[in-house]
Amino acid sequence: ILLDVAGKTTKNVVTNANFADSTKDWILLNQLRGAADTTYTVNKDSSRTIEVNVTAGGQYSYSVQLMHENIPLVEGRKYRCSFTIKASEKGQITARIGSYLTYETIGFQEHVEVDTTEREFMVEFTPEVSDPFARFELNLGGSVRKLWIKNVEIVRLD
């Protein structure tokens, strides 16, 4: 991670944020009767959009999870998380940053309304604990649908 003089990151801490290297650094977890698979679309700018095809919603939103681990967070510092998403049907997902060890939310947890047109989700947050291995999660279960995700970014602001 590159740091500027003030100690803030100067680049996105999400590796493979535009899925240019398919699923490298990303984990698709199917559990509790959830089932999904992924494919990729190459965009005009050569980045990629991941398509998550949820074929069984499962019992909970976390029955299907798209996750990225090893997100470094420093207690008391401000961060911004953003991504672009659309779905085949309107509905809700949960976006969060939690601890890999305890599963507790340590960054943020937001219920995001998704639509059939692309929209950008953005949230600023300040973690209450430091964690060099936090986990960014998109909980996509609960209903059968397709979701398209791109431009995932987590940047330290101060």
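This passage describes the overall fold of a predicted protein model and then a few of its residues.

The structure is a predicted model, in which local features need a pLDDT of at least 70 and side-chain atom pairs count only at pLDDT 80 or more, while totals for chains, interfaces and linings use all residues. Residues are numbered from 1 along each chain as its sequence is written, and side-chain values use heavy atoms, with hydrogens and water left out. The pLDDT, which is the predictor's confidence in each residue on a scale from 0 to 100, averages 90 for the protein, and 93% of the residues score at least 70. Over residues 1–5, however, the pLDDT is below 50, and beyond near neighbours in sequence this stretch has 12 contacts in the model, a contact being defined as heavy atoms within 4.5 Å.

The protein has zero helices and 10 strands, where helices (H or I, at least four residues) and strands (E, at least two) are DSSP runs numbered from the N terminus. Read from the N terminus on, the elements therefore follow the order β-β-β-β-β-β-β-β-β-β. Among contacts between residues at least 6 apart in sequence, 72% join residues at least 24 apart.

Along its principal axes, the C-alpha trace spans about 45 × 40 × 25 Å. The radius of gyration is taken over C-alpha atoms, and the globule rule used for comparison is 2.2 Å times the number of residues to the power 0.38. For 158 residues a compact globule would have a radius of gyration near 15 Å, and the value of 15 Å found for the protein agrees with this. Of the 158 residues, 43% count as buried; here buried means under 20% relative accessible area, exposed means over 50%, and partly exposed lies in between (1.4 Å probe, protein chains only). The accessible surface comes to about 8100 Å², of which 47% belongs to carbon and sulfur atoms, with areas calculated by the Shrake-Rupley method with a 1.4 Å probe and, for residues, with only the protein chains shown counting as cover.

The protein carries 18 positive and 21 negative charges, and the mean positions of the two sets are 3 Å apart. In this count Lys and Arg are positive and Asp and Glu are negative, whereas His and the chain ends are not counted; the place of a charge is taken as NZ of Lys, CZ of Arg, CG of Asp or CD of Glu.

Two residues placed in strands illustrate how parts of the chain that are distant in sequence come into contact. Ser82 belongs to strand β5 (residues 79–87), and it counts as buried because its relative accessibility is 4%. Leaving aside neighbours within four places in sequence, Ser82 is in contact with Glu120, Phe121, Met122, Asn151, Val152 and Glu153. By contrast, the C-alpha atoms of Ser82 and Leu101, which are 19 residues apart along the chain, are separated by 24 Å. Lys146 is found in strand β10 (residues 145–156) and is partly exposed, with a relative accessible area of 33%. With neighbours within four places in sequence again left aside, the contacts of Lys146 are with Glu51, Val52, Asn53, Lys86, Ala87 and Ser88. Although Lys146 and Thr38 are 108 residues apart in sequence, their C-alpha atoms are 9.5 Å apart in space.

The loop between β1 (27–30) and β2 (34–42) contains Leu32, and Gln31 also lies in the loop between β1 and β2. Leu32 has a positive phi of about 50° although it is not a glycine, and its relative accessibility of 37% makes it partly exposed. Gln31, at 27% relative accessibility, likewise counts as partly exposed, and outside its neighbours within four places in sequence it is in contact with Tyr62, Ser63 and Gln65. Gln31 and Thr105 are 74 residues apart in sequence, with their C-alpha atoms 19 Å apart.

A positive phi, of about 65°, is also found at Asn70, which is not a glycine; Asn70 lies in strand β4 (residues 64–73) and is partly exposed at 47% relative accessibility. Asp45, in the loop between β2 and β3 (48–57), is exposed, with a relative accessible area of 57%. From Asp45 to Val64 the separation is 19 residues in sequence and 29 Å in space, C-alpha to C-alpha.
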